[in-house]
Amino acid sequence: ERVRIQVPATTANLGPGFDTLGMALELFNIVELQAMPSGVQIEVEGEGAASIPRSESNIVLRVIRKVWQKAGVTPAGLHLRLINHIPVARGLGSSAAALVGGAVAANEMYGNPLTDQEILEIVTEFEGHPDNVAPALFGGIVVSAMVHGEGNNEVISRKIPPPYGMRAVVAIPNFHLSTKQARSVLPTAVPYKDAVFNVSRISMLIMALVHNDWELLAKVMDDRLHQPYRQELIPGMQDVFASAQQAGAFAAVLSGAGPTLIAFARENTEDIAAAMQAAFGRHGVQCQTMDLKPCP
Ligand code: HSE
């Protein structure tokens with residue numbers, strides 16, 4: 001019997017919520033998993049198909065084995081098929097989607113022996129931080145935190161429904177940026193005033209999201225913990241943000257670790273997409289745009 005899972009793209013950070021906030025988007029990868037009498041077969045189609053390994057080093061296969069190990073089950077063989085629509089290494093949560101899709105499929109194949117919380121903790125350990133994997137698993141906007149205890153790493157998370165009518169316009173550059181590289185430019189310490197700046201913005205942003213308060217949201221989606229350090233990796237970042245806002249977006253931020261930039265709006269999404277593409281173009285960056293809905 002074959003299990004088929006649909007798992008969404010995610011945008012992490014949402015400006016000030018570095019490693020804390022993420023939102024699921026209506027752009028999906030598909031994971032199909034089937035137990036076989038023997039052998040391991042991995043098929044990959046779509047985004048990343050040329051570079052994703054078909055061997056034991058495949059992260060989806062590794063997370064599937066981890067789930068089965070924890071559940072105490074082991075099929076003799078398996079057939080795994082990945083149909084990818086989420087661009088790879090662009091800041092849209094492709095690795096979180098792969099991990100969550102694999103873990104959920106592996107669990108479902110045996111009637112869901114593990115809880116969502118157990119799945120969340122397994123995939124967070126693979127990913128390193130919970131801000132993409134939590135919304136990939138639960139949908140919506142998710143606030144998450146890692147709580148380090150004795151001998152266990154708990155992940156706590158709470159979901160907020162996306163504000164009514166919200167659209168996300170993404171401008172996806174045609175170059176890759178690994179999360180590893182985008183984290184390597186971050187400093188080891190930040191000025192106290194920058195930490196306070198972000199604490200106030202993330203707190204206000206949660207209020208804005210909970211109360212559907214667009215005026216407030218427009219004022220508090222800025223950041224001093226990661227975007228200023230990453231802008232050197234993304235030519236034209238500030239110009240794209242300004243152009244999106246001039247075209248009617250409430251706010252524009254770096255999507256996850258980048259290089260995708262994302263603007264939030266209720267209308268004028270075509271104009272915003274065109275403005276972002278033109279601004280990137282002025283800096284010599286080719287990009288693809290999409291107008292996405294948050295995934296409820
Ligand atoms: N919060 C992470 C970062 C998301 O910004 O590095 C990307 O994996």
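This passage walks through a predicted model, from its annotated domains to its ligand shell, two of its helices and a few unusual backbone angles. Residues are numbered from 1 along each chain, following the sequence as it is written. Because the model is predicted, local features need pLDDT of at least 70 and side-chain atom pairs count only at pLDDT 80 or more, while totals for chains, interfaces and linings use all residues.

Two domains are a good place to start. An unreviewed UniProt entry places "domain: GHMP kinase N-terminal" at residues 58–140 and "domain: GHMP kinase C-terminal" at residues 208–280. UniProt positions are given in the numbering used here, with feature names shortened, and such annotations may be inferred rather than shown by experiment. Residues 58–140 are 57% helix and 10% strand, with end C-alpha atoms 28 Å apart. Over residues 208–280, the chain is 49% helix and 12% strand, and the end C-alpha atoms lie 29 Å apart. Helices (H or I, at least four residues) and strands (E, at least two) are DSSP runs, numbered from the N terminus.

Next comes the ligand. The shell around the ligand holds 13 residues, of which Ala-12, Asp-19, Thr-179, Gly-256 and Ala-257 come nearest; a residue is near a molecule or strand if its C-beta atom, placed from the backbone, lies within 6 Å of it. Helix H5 (residues 179–184) supplies the largest share of this shell, three residues. By class, the shell has four nonpolar, six polar and three charged residues. In this scheme, Ala, Val, Leu, Ile, Met, Phe, Trp, Tyr, Cys and Pro count as nonpolar, Asp, Glu, Lys and Arg as charged, and the others, Gly among them, as polar.

The same UniProt record, also unreviewed here, lists a "binding site" whose residues include Pro-87 and Ala-97. Pro-87 sits in the loop between strand S4 (77–84) and H2. With 22 other C-beta atoms within 10 Å, Pro-87 is buried; a residue is buried if 20 or more other C-beta atoms lie within 10 Å of its own, exposed if 12 or fewer, and partly exposed in between, with C-beta atoms placed from the backbone. Beyond four places in sequence, Pro-87 is in contact with Glu-47, Leu-92, Ser-94 and Ile-172, contact being defined as C-beta atoms, placed from the backbone, within 7 Å. Ala-97 belongs to helix H2 and is buried, with 31 other C-beta atoms within 10 Å. Its contacts outside four places in sequence are Val-7, Pro-8, Ala-9, Asn-29, Ile-86 and Ala-136.

Two helices show how burial is arranged. Helix H3 (residues 116–127) has twelve residues, and its end C-alpha atoms are 16 Å apart, in agreement with the 16 Å expected at 1.5 Å a residue; the expected span is 1.5 Å times one less than the number of residues. Ile-119, Leu-120, Ile-122, Val-123, Thr-124 and Glu-127 are buried in H3, and their cover includes helix H1 (59–71), helix H2 (94–109), helix H4 (133–138) and strand S6 (153–160). Gly-128 follows H3 with a positive phi near 100°.

Helix H10 (residues 269–282) has 14 residues and reaches 20 Å from its first C-alpha to its last, close to the 20 Å expected. Its buried residues are Thr-269, Ile-272, Ala-273, Ala-275, Met-276, Ala-279 and Phe-280. Seen down the axis of H10, these residues fall within an arc of 165°, so they line one face of the helix; the arc is that of the directions from the helix axis to the C-beta atoms. This face packs against strand S7 (167–173), helix H9 (237–246), strand S9 (261–265) and strand S10 (287–292), whereas Glu-270 and Arg-282 are exposed on the other side.

Finally, some backbone angles deserve a look. Most residues other than glycine have a negative phi, and most peptide bonds are trans. Asn-212, in the loop between helix H6 (192–210) and helix H7 (214–220), has a positive phi of about 55° although it is not a glycine. Asn-268, found between S9 and H10, also has a positive phi, near 55°. The peptide bond from Gly-258 to Pro-259 is cis, with omega near 5°, and Pro-259 lies in the loop between strand S8 (251–254) and S9.

Notes
Two residues are in contact if their C-beta atoms, placed from the backbone, lie within 7 Å.
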